[in-house]
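Hi,

Here is the structure I promised to pass on. Please have a look at it first, and then read on for what turned up.

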Amino acid sequence: MDRLVRDAVRDYDERSMVSGLPALANAEDAVRSILDTVAGFGPLQRYLDDPQIEEIWLNAPDRVFVARGGVSELTTTILTADEVRDLVERMLRSSGRRVDLSSPFVDAVLPDGSRLHVVIPDITREHWHINIRKFVVKADHLDDLVALGTLTRPAATFLEAAVIAGLNILVAGGTQAGKTTLLGCLAAAVPARERIVTCEEVFELKIPLRDVASMQCRQPSLEGTGEVPLRRLVTEALRMRPSRIIVGEVRQAESLDLLIALNSGLPGMCTLHANSAREAITKMCTLPLLAGENVSPRFVVPTVASSVDLVVHIALDYDGVRRVREIVAVPGRIEGDVVEMADLFTTRDGRLRRADGFPPHTERFERAGYRVAALLAQEVS
């Protein structure tokens, strides 16, 4: 395609010298513009190609925003309503998903791995709303997060040992906090001999291990049939001989199925929207109640206490850097309807530092060859 476009531009440039055709101000800009239109996503392609841009969103055809370094910017790009619809159609073509009046929301993945979310009227007031979330942070392992300033070395060493020991980990944080990236880095620490099964709304996790089976949800057909929700994926994952189960994000009743799987002795991890580790545990005690009237707090609260071992809370700071704010242990005890928690690492003076708590299941650390006291005694440099 690049060769064809360059040949066409060269031919036009040569003819413009001997005819009345208007000359090109910059042939290279013309090549790029045509390539973006024919083989890319038009005026948005330059933002997709920019490694500094983390997210792109449209509130209206003349309101195109980008986030760079955690800070939003209004761009000079102006589209028409028809151009927006055409772009969405092209973006969805490779995913096989659709958006229409019967299905006004859609989540999909672009060919480069970016996540696409679209909402159309009459859910929105007037214009199509589009969000494209890119994965620009080059972090595949916990060591990468240390280099980026997201984690301290002692905290990363402890989390790696916790993953190898088979503890169940809940990653909490707000939107754009880096939960999925952190979850992927934690999953990369799983021993290579183990089999991982992932369940996601759309494919986002990229785990650099040899034995990974990934599943994503499916929208209903035009007839309203064929939908595959996240609950179904979690149930099916248990039949696929998993050594670990990873759920991209729990939002609703699938949290109950995940808790039951973790409570049966299958190690796992997931992410959750929450503003702190305490709020994450409270939310985990509430979401399973959506599964039905027969699910009560008397069952859910003790199950959360015995199933979740660690909560890692990550946040996007004002300077645009994503940092882990706290790592909290869940010892497995409850008092009334409150799950007991113990601080392992907390943020003091703007830095993640060792607290005075200890994680549960020290015997699992010992079987994996770690001494918990030695792990937690490391000094922060």
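A question to begin with: is Arg 323 buried, exposed or partly exposed? Arg 323 is partly exposed, at 24% relative accessibility. Its salt-bridge partner Asp 317, in contrast, is buried, with a relative accessible area of 17%. The cut-off for buried is under 20%, so Asp 317 falls below it and Arg 323 does not. The two side chains meet with 2.6 Å from N to O. This pair also belongs to a network, in which salt bridges with shared partners join Asp 317, Asp 319, Arg 323 and Arg 325.

Before going further, please keep in mind that this is a predicted model. The protein chain has an average pLDDT of 91, and 98% of the residues score at least 70. Confidence is highest in strand E7, at 98, and lowest in helix H2 (residues 27-39), where the mean is 80. As a general caution, predicted coordinates should not be read in detail where pLDDT is low.

**More on salt bridges**

The structure holds 27 of them. Another one links Asp 2 to Arg 6, with the closest N and O atoms 2.9 Å apart. Both residues sit in helix H1 (residues 2-18), and because they are four residues apart there, about one helical turn separates them. Asp 2 is partly exposed at 36% relative accessibility, and Arg 6 is partly exposed as well, with a relative accessible area of 29%.

Arg 63 and Asp 62 form a salt bridge too, and here the closest N and O atoms are 3.8 Å apart. Arg 63 counts as partly exposed at 41% relative accessibility. Asp 62 is also partly exposed, with a relative accessible area of 38%.

**The cavity**

You may want to look inside as well. The count comes to one cavity of 30 Å³ or more, and the volume of the largest cavity is about 60 Å³. Which residues line the largest cavity? They are Asn 168, Ile 169, Leu 170, Leu 258, Leu 262, Gly 268, Met 269, Cys 270, Met 284 and Val 308. By class, that lining has eight nonpolar residues, two polar ones and no charged ones.

Strand E7 (169-173), helix H9 (254-263) and strand E11 (268-273) each give at least two residues to the lining. The largest share, three residues, comes from E11. E7 therefore has two roles in this email, as the element with the highest confidence and as one of the contributors to the cavity lining.

**Helix H9**

H9 deserves a few words of its own. How many of the ten residues of H9 are buried? The helix is mostly covered, with eight of the ten buried. These are Glu 254, Ser 255, Leu 256, Asp 257, Leu 258, Leu 259, Ala 261 and Leu 262. Leu 258 and Leu 262 are among the residues that line the largest cavity.

As for the surroundings, the buried residues of H9 pack against helix H8 (230-237), strand E10 (244-247), E11, helix H10 (277-286) and helix H11 (297-307). E11 thus turns up again, as a packing partner of H9 and as a supplier of cavity-lining residues. After H9 comes Gly 265, which has a positive phi, near 105°.

Happy to talk any of this through once you have had a look.

Best wishes

Terms used:
Residues numbered from 1 in each chain as written. Heavy atoms only, no water. 1 Å grid on protein atoms, 1.4 Å probe; cavity = no way out; pocket = protein on both sides within 12 Å on 5 of 7 lines; lining within 4 Å. Points joined across faces, edges and corners; volume = space filled by probe spheres on them. Nonpolar A, V, L, I, M, F, W, Y, C, P; charged D, E, K, R; others polar. pLDDT = per-residue confidence, 0-100. Salt bridge = Lys/Arg side-chain N within 4 Å of Asp/Glu carboxyl O. Buried < 20%, exposed > 50% of the residue type's maximum accessible area, 1.4 Å probe, protein only. Contact = heavy atoms within 4.5 Å.
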